[in-house]
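Dear colleague,

I am handing over the structure we spoke about, with the sequence and coordinates below. My notes on what was found in it follow.

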Amino acid sequence: MASEPSTSPDSAPSSDRWWEDAVFYQIYPRSFADASGNGVGDLAGIESQLPYLQWLGVDSLWLSPIFRSPMADFGYDVSDYCDIDPIFGTIDDYDRLLRSAHSRDIRLTIDWVPNHTSDQHPWFLDARSSPDSAKRDWYVWRDPAPGGGEPNNWEACWEIGPAWTFDEASGQYYLHLFLPEQPDLNWSNPEVEAAMLDTLRFWLDRGTDGFRADVINLIGKDDELADLDRYRSPLRDIDGPRVHQHLRAIRQVLDGYPQHPMMVGEITLHRPGQVRSYYGDDDELQLGFNFRPIYTRWDAAEFRTRIEEVHDEFGDDHWPVWVLGNHDQPRQRTRYGSDARARAAAVMLLTLRGTPYLYAGEELGLPDAHIPEDRIVDPGGRDGCRAPIPWTRADGHGWGPDAWLPFVDDAADRSVEAQRDDPDSTLSLYRSLLALRRSSPTLRRGRERLLDTPEGVVAWRRSGHGDDLVVLVNFTDEAVTLGNVGDRLISSIPGTDRRFDGTLLPDEAVVVRDKT
Ligand code: GLC
């Protein structure tokens, strides 16, 4: 197969940039494991499953929010950044989890929600109490527009309406880009930045390894808050002029700690190049999510473009993140429509150059759960991908009698218990991929270049660090014959021969040690 010029460096691993060698595993704490038996997952539950995570072979955890919260957005509405919500446990539980994770060589990163607090946060209660409050300017307050009504035309998320809520007592509106229960902080006030940096120090002082920063691109808003025209305005609401200055202040805090803490940003911008700009000159974020692949349908040409644009826009000097699932999107099994495709996607996620983020439950091939109308709890319609992890076959699947959301339809067959000892299971495939990645510096750090392939197939070569591997993914439902042969180290389809004779089965993805 002909090769395109390489775009990726053959860089050396470096332990103080541990996040570049790690596979991150995202835990949605409510849905992971329930030690207390009340139907909602908790920190003790996560600790009890550390042996599973070590057996699976992930390096680092990201916990979705565990801070105190009234749970209007299930933790993304924080009322105390320096305490654990009682539903998840206590600070002591957190410290124990951190110690236990470290004793198993697993790092722990946590979600930090800097753009907005809960409307029940003492800062907002104080700000709302009077226009003269010392905290008033910690949030974004504006008078009604000259003719009355909202101060500008900004819309809140999930089509819930304007991004402004009127406060009767003061006659002003406050800004919230999400729910009214999630007022936006005013980061242009230096006291806000200072207070939020202190919340990072609180967790870093305990030994926390890093953070996932929620919608970090929203914190640099322009004070002018001008009306938006989606087709013409600069992105003043979602990519404001001050965001990079805040990111540099955050990075300085992180760099002051011996554990080499990292921050990955949730960046809801369109182009990978915009995401890359949030790395600054290696003085802002260490990693940023590029979400384009998550919005890509199962199509070879589209996925090839996703890889090409990362090569083009990240270049050699920046390290991308690959993410195909999280707590905000339908699961891979549901989006791609079959187990075979979800399994092929696992091969992609864990063999592309960059740091993979794997969402808990993907290793079981879970689809989205069907949520009856009377059990819908999320204002953003995302309950399906947040169904509890089925640990065991038996009813209850390792949870108390009343899990907070329904399980997926075939929870017994997809449970950890059912898959763990089955060499053909999706869980075994993930475990083999993680083991291969861990044992192969080439897969973790090697150069990457796309190969020319017939329509319907995407292939890339990983080379350097003593090996030469080719990954081939057949996006079609027909077998495709290619020129190269070699040893098939892994196939997404159970029972295939070790020798790869150049024929890819329908929806098959393989990792081959090239013999051509
Ligand atoms: C992010 C989170 C999402 C949350 C939103 C508001 O997009 O991933 O779950 O609802 O921010 O905090």
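Please keep in mind that this is a predicted model. I begin with the ligand, where the side chain of Arg 382 places an N or O atom 3.0 Å from an oxygen atom of the ligand. On its own the ligand exposes 300 Å², and 96% of that area is buried by the protein.

Two further polar contacts involve ligand oxygen atoms: a polar side-chain atom of His 116 lies 2.9 Å from one oxygen atom of the ligand, while an N or O atom in the side chain of Asp 214 is found 2.8 Å from an oxygen atom of the ligand. Both of these residues belong to the group that comes nearest among the 14 residues around the ligand, a group that also includes Asp 73, Glu 266 and Asp 328. When the shell around the ligand is divided by residue class, there are 7 charged, 4 nonpolar and 3 polar residues. The space that the ligand takes up is the largest pocket.

The other residue I would like to point out is Gln 259, which lies in the loop that runs between helix α7 (243-255) and strand β10 (262-265). Because the relative accessible area of Gln 259 is 17%, under the 20% cut-off, this residue counts as buried. Its side chain also takes part in a polar contact, in which a polar atom of the Gln 259 side chain lies 2.9 Å from the backbone oxygen of Thr 208.

With best regards

Key
Residues numbered from 1 in each chain as written. Predicted model: local features only at pLDDT ≥ 70, side-chain atom pairs only at ≥ 80, totals over all residues. Heavy atoms only, no water. Near = heavy atom within 4 Å. Polar contact = N/O pair within 3.5 Å; in protein donor to acceptor, adjacent residues only side chain to side chain. Areas by Shrake-Rupley, 256 points an atom, 1.4 Å probe, with all protein chains shown as cover. 1 Å grid on protein atoms, 1.4 Å probe; cavity = no way out; pocket = protein on both sides within 12 Å on 5 of 7 lines; lining within 4 Å. Sits in = over half its atoms within 2 Å of the grid points. Nonpolar A, V, L, I, M, F, W, Y, C, P; charged D, E, K, R; others polar. Helix = DSSP H or I, 4+ residues; strand = E, 2+ residues; numbered from the N terminus. Buried < 20%, exposed > 50% of the residue type's maximum accessible area, 1.4 Å probe, protein only.
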